[in-house]
Amino acid sequence: MVKGLGHVLIGGGTGFIGKALSRILRNRGYNVTVVSRMPGPKRITWHDVQRVGLPQDVTAVVNLAGQNVLDVTRRWTEGFKQNVWNSRIQTTCALAKAITDAKDKPAVFITISGVGIYKPDNHIVYSENVAVSQFDFFSKLCFEWENAAKLPSHVSTRHGSLGGPIAPGDQFLPWIHIDDISRLFVFAIESTNISGVLNGVAPEEISNKEFSACFAKTLFRPALIPVPQAALNMILGEERASMLTTGPRVQPKRTLSLGFKFLYPDIKSACDEIVHTPKVKEL
Ligand SMILES: NC(=O)c1ccc[n+]([C@@H]2O[C@H](COP(=O)([O-])OP(=O)(O)OC[C@H]3O[C@@H](n4cnc5c(N)ncnc54)[C@H](OP(=O)(O)O)[C@@H]3O)[C@@H](O)[C@H]2O)c1
């Protein structure tokens, strides 16, 4: 896709990643429309997508919609799990259907999923081409989320996250700087021939303890005492807490081999940037 000539539709574009991505795209000259539950300027609703399909000139579609899993105000009940599930699968299905039905199809459909698709095992380093199996709620969710989007032009980014000190501390913490995950979406939009999975994690593998220590050092503060696992289990529920207390080793092998360049490949550079310039920069 030629820079500055596209119209990108972003499901869940009002969220943390969506705002950062929208800003970068608009600065590059793209027209951006967000799909949201709430109507507003430069927005359409999910109901509009179901009723009238995609806006006419859309050249790329991204889906970032999803109920916040780690919302501590919500108990980990079957009802909430259903919300978490539906908010990802149904929005992805709605966009996939709208793309299938569109007369002029967008060149690319990019969705996000999570590194929860990889079963934590310190002896396995996961890259994009390993076979994945469904072993818990989150791996099933990621699997179905990616499946709901399966179209020839589909790119799925399996995303790492941010975190604080969590016991036991030696669990791996796949992570990525917000600028890099946003740039990875732009990379996928602007590459004409990418489909399949891209791991959206920084190349440096670190543990939860190392991650927290680096932030503490950069901020010149003592590292906080790790949150005990039992407390997290109690607050979040054991199944949900496992997202924080365990973590897989993940490498962005295919992402790198396709030519994506990380601005923050290691935790030191990411911490320095976050502490000193807390804003999304241009590409
Ligand atoms: N941030 C991370 O570290 C991370 C890591 C791995 C994967 N992810 C995934 O990446 C996606 C985007 O992350 P984010 O941090 O930008 O999320 P976020 O800030 O929570 O934003 C997600 C957006 O999804 C929409 N949404 C929320 N609940 C919904 C529901 N029940 N039904 C339909 N839409 C709903 C909201 O948009 P409206 O209110 O406008 O409808 C919201 O702005 C999420 O699916 C998340 O699971 C994020």
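The residues of the shell around the ligand comprise six nonpolar, 11 polar and two charged residues. The structure is a predicted model, and the description below concerns the surroundings of the ligand and the environment of His7.

Of the 19 residues around the ligand, those that come nearest are Thr14, Ile17, Ser36, Arg37 and Arg88. Three elements of secondary structure, namely helix H1 (16-27), helix H3 (78-101) and strand E5 (108-114), each contribute at least two residues to the shell around the ligand. Polar atoms of the backbone approach the ligand at two residues named here: a polar backbone atom of Phe16 is 2.9 Å from an oxygen atom of the ligand, and a backbone N or O atom of Ile17 lies 2.8 Å from an oxygen atom of the ligand. A side chain is involved at Gln67, where an N or O atom is placed 3.0 Å from a nitrogen atom of the ligand. On its own, the ligand has 890 Å² of accessible area, of which the protein covers 77%.

His7 belongs to strand E1, which spans residues 7-11. With a relative accessible area of 5%, His7 is classed as buried, because this value falls under the 20% cut-off. The side chain of His7 is joined to that of Asp57 by a polar contact of 2.7 Å. Apart from its neighbours within four places in sequence, His7 is in contact with Tyr30, Asn31, Val32 and Thr33, as well as with Pro55, Asp57, Val58, Thr59 and Ala60. Asp57 thus appears both among these contacts of His7 and as its partner in the polar contact between side chains.

Definitions and conventions:
Residues are numbered from 1 along each chain as its sequence is written. This is a predicted model: local features need pLDDT of at least 70, side-chain atom pairs count only at pLDDT 80 or more; totals for chains, interfaces and linings use all residues. Side-chain values use heavy atoms; hydrogens and water are left out. Helices (H or I, at least four residues) and strands (E, at least two) are DSSP runs, numbered from the N terminus. Buried means under 20% relative accessible area, exposed over 50%, partly exposed in between (1.4 Å probe, protein chains only). A polar contact is a pair of N or O atoms within 3.5 Å; within protein, one must be able to donate a hydrogen and the other to accept it, and residues adjacent in sequence count only if both atoms are side-chain atoms. Contact means heavy atoms within 4.5 Å. A residue is near a molecule or strand if one of its heavy atoms lies within 4 Å of it. Accessible areas come from the Shrake-Rupley method with a 1.4 Å probe; for residues, only the protein chains shown count as cover. Ala, Val, Leu, Ile, Met, Phe, Trp, Tyr, Cys and Pro count as nonpolar, Asp, Glu, Lys and Arg as charged, and the others, Gly among them, as polar.
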